[in-house]
Amino acid sequence: MIETLEGSRPGEATAAGGTPSIGGSALTAPVSLLRLADGYHLFCRARNCWSHTVSSDLLHWRRIPVGDHCLRADPGCVVADGTDLVAFLLHPGASDTSGSTSSVTMARSTDSGRTWHPEPGPAVDVCLPGTQSPDAQPSDLRVIRDEAHDQWVMMVADGTGFTFLVSTDLTSWTATSVLDATRWHEGGALCHPDLLPLDLEGQTRWVLWWTSAASPRTNGSTTRYLVGDWDGRAFTPQRGPSQTGTPASDPVLRTDLGRDLYAPISVQDASGRRIMIAAVGNEDYANLTPGSTATPDDRPPTLATPRELRLVHTPAGPRLATAPVTAPIGPDATSRTVADRPVTAASNPLSQLGGRTLDAEIELEASAYDSAGSVTLQIRCEGQVHTDLVWRPAEGSLTLDRSESGATEFSPSFTAPSTEPGVPAEGLLRATSATVTARWPQSCLGVMRRAWLRVVVNPSSVEVFSPDGLVAITSAIFPGPGATGLRLAATSGTARLVSATVHPIAAS
């Protein structure tokens with residue numbers, strides 16, 4: 001939840017102007033998430049400058065109004081260097097006598113990011129050696145702390161690959177390697193890179209992810225990742241059992257099978273968990289969503305529910321698993337449970353469990369003999385407005401359908417079918433702008449099939465998670481504040497609601 005920060009310092013309340021962003025979409029995107037002594041600081045890139053919000057729990061955010069000494073809307077990131085914050089800003093297309101194609105400048109803050117002061121000269125001139133196209137231009141960067149090698153690492157995305165640079169002092173940088181990502185490239189320029197270590201059964205593995213800009217071949221913008229090793233100089237993707245053969249056979253690994261998880265970033269929380277935060281949205285309809293034109297250019301984004309990240313072994317190799325991190329509204333919030341109810345076309349055992357925001361855990365059962373062809377959970381219902389989650393036991397799939405979810409007319413890309421098929425991906429069966437169908441884990445005992453799903457609903461989004469954390473679907477929806485109903489029905493037969501527990505949550 002975004003709240004205005006009271007007691008802002010002099011100069012913080014003036015909205016900044018500035019030049020338009022260089023390249024990419026105007027969709028507000030997270031660029032850095034830091035854990036400091038006074039809480040978590042989230043910096044996001046908008047059209048004219050960076051927004052800045054603070055949270056104590058990663059769930060409720062207070063906005064710090066930008067001042068005259070703000071960070072302009074260049075691509076970049078922020079890191080903590082002792083008690084100071086250091087921002088790195090990428091200037092694509094800038095050149096100097098050395099022939100560099102771009103440059104990176106630095107700014108420093110001594111007051112936790114409220115005011116910024118430029119450092120003299122460029123921090124690094126970015127040349128892009130190696131396998132990238134001669135026409136490649138840097139589009140984005142990220143700097144991380146590599147504790148294992150006592151250094152800083154800068155990743156520069158050029159649209160089709162990544163250049164890695166290292167430094168011990170944040171000032172002198174040396175290019176060490178290039179990762180050519182052409183075989184995972186589907187038309188949209190690569191941006192928002194991140195590199196993070198995760199434990200896999202006692203061993204440290206590294207995950208490299210990025211966002212691909214909007215392209216018809218990917219049905220908009222999308223986020224992908226690789227699991228591999230980092231030796232302090234280069235990232236080497238791992239080949240699992242499903243990744244043998246030629247490079248073209250490598251699967252497209254996605255952090256989310258929906259359309260609207262954008263530009264994820266991560267932080268290690270106070271308990272040691274790695275938490276991911278991302279914006280809800282897609283470059284196909286950036287700044288076109290209902291009400292977005294009335295908000296200032298430095299607005300914080302609509303955030304997806306924070307997710308805990310883990311690496312797990314699968315038959316196909318290591319994969320990212322995610323689980324939502326939510327919190328009840330307060331100590332008096334009451335969870336509601338319904339158990340062991342028949343589900344038919346006419347019944348609705350969830351009629352009393354709706355809400356504008358909720359965290360629901362639902363288990364369904366169907367028989368292979370006389371069960372329903374599908375079981376549909378309708379979310380945020382009011383009249384003809386509803387978002388559907390459809391479980392098909394025989395197919396072992398779950399579909400999220402937002403074609404009747406409320407306001408959809410603001411962009412033809414929101415529900416109109418894509419001109420090209422969705423990008424092939426593990427677990428993704430089919431996708432259009434309005435629907436996403438994924439393989440869904442289900443258990444079989446004799447003729448009975450069971451499926452479990454966790455559904456997190458916020459005012460303008462719905463997120464669905466599988467029990468093993470390997471499948472997640474995020475979708476933006478705009479049903480209006482009056483749409484709070486929850487329905488459960490079966491078609492062509494009967495099914496059973498094993499249990500449904502709904503927790504009220506505060507809006508994120």
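There are zero disulfides in this structure, and I should state at once that the model is a predicted one. Two cysteines deserve a word here. Cysteine 77 has a relative accessibility of 0%, and because buried means under 20%, cysteine 77 counts as buried. Cysteine 191, at 10% relative accessibility, counts as buried as well.

Let me turn to the nonpolar cores. In soluble globular proteins, nonpolar side chains tend to be buried together. In this model, the largest nonpolar core comprises 40 residues. Leu350, Ile362, Leu377, Val455, Val464 and Leu497 have the most contacts inside that core. Strand β23, residues 358-367, supplies the largest share of the core, namely five residues. A second core, separate from this one, has 22 residues, including Leu200, Val207, Val280 and Tyr285.

Valine 464 may serve as an example from the largest core. Setting aside residues up to four places away in sequence, valine 464 touches Leu389, Leu398, Leu400, Trp440, Leu453, Arg454, Val455, Val471, Ala472 and Ile473.

I close with arginine 274, which lies in strand β19, residues 274-280. Which side chain of opposite charge is nearest to arginine 274, and how far away is it? That side chain is aspartate 194, 6.0 Å away. Since a salt bridge requires the charged atoms to be within 4 Å, arginine 274 is buried without a salt bridge. Its side chain does, however, form a polar contact of 3.2 Å with the side chain of serine 266. Beyond four places in sequence, the residues that arginine 274 touches include Leu196, Pro197, Leu198, Val267, Gln268, Arg307, Glu308 and Leu309.

Terms used
Residues numbered from 1 in each chain as written. Predicted model: local features only at pLDDT ≥ 70, side-chain atom pairs only at ≥ 80, totals over all residues. Heavy atoms only, no water. Helix = DSSP H or I, 4+ residues; strand = E, 2+ residues; numbered from the N terminus. Buried < 20%, exposed > 50% of the residue type's maximum accessible area, 1.4 Å probe, protein only. Lys, Arg positive; Asp, Glu negative; His and termini not counted. Polar contact = N/O pair within 3.5 Å; in protein donor to acceptor, adjacent residues only side chain to side chain. Contact = heavy atoms within 4.5 Å. Core = buried A, V, L, I, M, F, W, Y, C linked by side-chain atoms within 4.5 Å. Disulfide = S-S within 2.5 Å.
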